[in-house]
Amino acid sequence: MKKIAIIGSGSWGCALGIYLAKNGNEVKIWSFNEEEKRMINEEKKCVFLPKAVIPDNIICSGDFKEVLEGAEIILHVTPSKFVRSTLKQYKDLVKKEQFFVMCSKGFEAETNLTLDDVIEEELSDIRYGILSGPSHAEEVSLDIPTALVIASKDETLKEEIIDAFKSNTMRIYKSSDVKGAELGAALKNIIAFCAGAAVGLELGDNTFAALLTRGLVEIARLGTTMGGEEKTFYGLTGLGDLIVTCGSEHSRNRRAGELIGKGYSIDDAKKQIGMTIESIDNIDVAYSLSKKYNVEMPIVNAVYDVLYNGLDAREAVNNLMTRELKEE
């Protein structure tokens with residue numbers, strides 16, 4: 001049994017807490033939201049996971065010290081846009097002997113940084129890793145078999161995370177490619193948005209397959225330029241996460257794209273989904289990075305123009321299909 005602190009009471013934070021508590025660990029969850037805290041402690045429910053039941057051995061608190069004190073492992077699970085601001089609130093409570101794992105996926109929009117860079121800036125000398133892979137919160141909370149990756153330069157941290165998570169419904173692989181795991185997770189959300197738009201436009205399976213395949217090429221192209229290893233983008237944190245995010249109605253990013261494809265505005269799509277949509281928050285980052293590193297990313301360019309330059313979604317598809325022909 002390990003003592004685990006989870007920072008964030010959204011769907012993924014609660015799903016991880018549910019799984020880890022049922023796996024024999026002592027879990028405390030931090031929440032800024034009084035109603036979510038009340039539901040977890042009193043009703044044993046998560047508002048975002050209606051089918052799941054919170055185990056009795058989970059405690060939720062709004063006090064960072066109460067949650068972090070004595071924890072061996074800290075899992076940070078907030079939307080990417082709140083990672084730094086939340087870290088600043090509790091970083092002085094983090095001990096060097098604690099293992100810190102970022103479970104959020106995305107970029108810091110203001111700086112175009114990946115979240116491992118934010119950790120490096122805010123938490124000095126901490127032992128940290130990135131937990132990523134194809135994992136809908138709804139399914140993890142119900143013990144549906146899942147495979148994840150813990151990416152870290154620290155071998156002891158990886159072994160500790162594997163020990164806390166391993167079961168007959170959870171398989172954890174190890175990686176040392178932190179940057180690749182980060183970039184695969186962040187960029188696939190944007191391709192999932194595009195895949196959803198294709199569904200909303202009723203374009204069919206051929207279009208859907210082409211977007212996924214060429215989208216993965218774009219992810220790997222930028223990811224390797226920024227320091228990730230090519231093989232990472234064809235593993236669980238790249239291809240695997242891309243498949244699950246593009247193909248499932250659990251995916252907020254796919255649903256957002258589908259709504260845009262049907263003619264909804266960005267604001268209406270956000271209201272309809274009611275939770276953070278990382279693709280919309282991060283598309284301008286991916287666009288900026290493609291320009292900074294001079295990497296060709298036509299799908300990213302197209303979705304950027306749809307969201308921010310008023311390009312019609314069908315016209316964007318036409319532009320992609322009529323680009324200059326070349327070898328694959």
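Here are a few worked exercises on cores, one helix, and the empty spaces in this structure.

The model is predicted, so local features need pLDDT of at least 70, side-chain atom pairs count only at pLDDT 80 or more, and totals for chains, interfaces and linings use all residues. Residues are numbered from 1 along each chain as its sequence is written, and side-chain values use heavy atoms, with hydrogens and water left out.

**Exercise 1. Find the residues that touch the most other members of the largest nonpolar core, and say which helix gives the largest share.**

Start with the terms. A nonpolar core is a set of buried Ala, Val, Leu, Ile, Met, Phe, Trp, Tyr and Cys residues joined through side-chain atoms within 4.5 Å. Buried means under 20% relative accessible area, exposed over 50%, and partly exposed in between, with a 1.4 Å probe and protein chains only. Helices (H or I, at least four residues) and strands (E, at least two) are DSSP runs, numbered from the N terminus.

Now the core: it holds 44 residues, and L187 and C246 touch the most other members. Elements giving two or more residues to this core include helix 8 (178–200), helix 9 (205–225) and helix 10 (236–247). Helix 8 provides the largest share of this core, 10 residues.

Next, look around L187. Contact means heavy atoms within 4.5 Å. Leaving aside neighbours within four places in sequence, L187 is in contact with F107, I219, L222 and A286. Apart from this core lies another, of 37 residues, with L16, Y19, I58 and V140 among them.

**Exercise 2. Check the span of helix 9, then place G215 in that helix.**

The expected span of a helix is 1.5 Å times one less than its number of residues. Helix 9 has 21 residues and should therefore span 30 Å; its end C-alpha atoms are 30 Å apart, which agrees.

G215 is in helix 9, and counts as buried because its relative accessibility is 0%. Other buried residues of this helix include L211, L212, I219 and L222. Cover for the buried residues of helix 9 comes from elements including helix 8, helix 10 and helix 11.

Skipping residues up to four places away in sequence, G215 touches I191, A210 and I299. The C-alpha atoms of G215 and L187 are 9.1 Å apart, with their positions 28 residues apart along the chain. Just after helix 9, G227 takes a positive phi of about 115 degrees.

**Exercise 3. Work out which residues lie nearest the centre of the largest pocket, and which are closest to that of the second largest.**

On a 1 Å grid over the protein atoms alone, a cavity is a set of points where a 1.4 Å probe fits but cannot get out, and a pocket is an open set with protein on both sides within 12 Å along at least five of seven lines; lining residues have an atom within 4 Å of a point. Grid points are joined across faces, edges and corners, and a volume is the space filled by probe spheres set on the points.

The largest pocket has about 1100 Å³ of space. Its lining counts 45 residues, with S11, P79, R252, T276 and E278 nearest the centre.

The second largest pocket has a volume of about 760 Å³. Of its 31 lining residues, R214, I299, L320, M321 and R323 are the closest to the centre. Helix 9 supplies the largest share of this second lining, seven residues.
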